[in-house]
Amino acid sequence: MSRLIKSFLIICFFISFLFPQKKMDFRSESEQLKDPKIAMKRSLIFPGAGQLYNDQKIKGSILIAGELFALWSFNENKNKYDNYDGSERHSRDYYLRKRNRFAWMAVGLYFYCLLYTSDAADEGLGVDLGGR
């Protein structure tokens, strides 16, 4: 009996991809359109703010949390590197590598947000890097 239920659930799962449900949005079309320039400006100020403007709440929140974590970790490792006195468990080079890794992570998240914000506002969701 349990095998029959598992098979039924698996079949229902795959059928759900064949007949997706459309998102219901009761706003007018002018309210739904987002300006890519405003989204880009918000992402320039802080990564993830453009996604929040585009109604991508979860993605924007995750990107903001990731950026804050990267900046905080960068600062922590920078302080450990600058104030290294040999009493820590790791070497000074270890903190330098970690500091640089989190700096690149913060820069990468920043440019990721800029790249994907304006296209999401312009075309709904998704990215089109081709010519317009």
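Throughout these legends, a residue counts as buried under 20% relative accessible area, as exposed over 50% and as partly exposed in between (1.4 Å probe, protein chains only). The model is predicted: local features need a pLDDT of at least 70 and side-chain atom pairs count only at pLDDT 80 or more, whereas totals for chains, interfaces and linings use all residues. Residues are numbered from 1 along each chain as its sequence is written, and side-chain values use heavy atoms, with hydrogens and water left out.

**View 1. The protein chain has 6 helices and 0 strands.** Helices (H or I, at least four residues) and strands (E, at least two) are DSSP runs numbered from the N terminus, and along the sequence the protein chain reads α-α-α-α-α-α. Of its 132 residues, 21% count as buried. Where contact means heavy atoms within 4.5 Å, residues 24 or more positions apart account for 47% of the contacts in the protein chain that have a separation of 6 or more.

**View 2. Confidence varies along the protein chain, with its lowest mean among the helices in helix 2 and its highest in helix 5.** In terms of pLDDT, the predictor's confidence in each residue on a scale from 0 to 100, the protein chain averages 78, and 67% of the residues score at least 70. Helix 2 (residues 29–32) has a mean of 62, while helix 5 reaches 91. Over residues 125–132 the pLDDT stays under 50, although the model has 13 contacts beyond four places in sequence for this stretch. Where pLDDT is low, the predicted coordinates should not be read in detail.

**View 3. Helix 5 has an end-to-end distance that agrees with its expected span.** The expected span of a helix is 1.5 Å times one less than its number of residues, so the 26 residues of helix 5 should cover 38 Å, and the C-alpha atoms at its ends are in fact 37 Å apart. Gly 60, Leu 63, Glu 67, Ala 70, Ser 73, Asn 77 and Tyr 81 are buried in this helix. An α-helix has 3.6 residues a turn, so residues three or four places apart point the same way.

**View 4. Gly 50, in helix 4, is shown with its contacts.** Gly 50 is buried, with a relative accessible area of 0%. Once its neighbours within four places in sequence are set aside, Gly 50 is in contact with Ala 39, Arg 42, Ser 43 and Thr 117. Its C-alpha atom is separated by 7.4 Å from that of Gly 60, which is 10 residues away along the chain.

**View 5. Asp 55 occupies the loop between helix 4 (49–53) and helix 5 (57–82).** Asp 55 has a positive phi of about 65° although it is not a glycine, and it counts as partly exposed at 34% relative accessibility. Its side chain meets that of Lys 57 in a salt bridge, at 3.6 Å from N to O; a salt bridge is taken here as a side-chain nitrogen of Lys or Arg within 4 Å of a carboxyl oxygen of Asp or Glu. Lys 57 is also partly exposed, with 48% relative accessibility.

**View 6. Asp 82 and Lys 78 form a salt bridge within helix 5.** The structure holds 2 salt bridges, and in this one the N to O distance is 3.1 Å. The two residues lie 4 residues apart, about one turn of the helix. Asp 82 is partly exposed at 40% relative accessible area, as is Lys 78 at 31%.

**View 7. The structure holds 4 aromatic pairs.** In one of them, the ring centres of Tyr 94 and Tyr 95 are 5.4 Å apart and their planes stand at 80°, so the pair is edge-to-face. By the criterion used, rings of Phe, Tyr and Trp (its six-membered ring) pair if their centres lie within 6.5 Å, with planes under 30 degrees apart counted as stacked, over 60 as edge-to-face and the rest as tilted. Tyr 94 is partly exposed at 25% relative accessibility, whereas Tyr 95 is buried at 5%. Another edge-to-face pair joins Tyr 110 and Phe 111, whose ring centres are 5.7 Å apart with planes at 85°; Tyr 110 is partly exposed at 24%, and Phe 111 is exposed at 52%. Ring pairs also link Tyr 84, Tyr 94 and Tyr 95 into a cluster.

**View 8. The ring of Tyr 81 is shown with Arg 92 and Arg 99.** A charge sits over a ring if NZ of Lys or CZ of Arg is within 6 Å of the ring centre and within 35 degrees of the ring normal. The charged end of Arg 92 sits over the ring of Tyr 81 at 4.2 Å from its centre, and Arg 99 lies over the face of Tyr 81 at 5.3 Å from the ring centre. Tyr 81 itself is one of the buried residues of helix 5.
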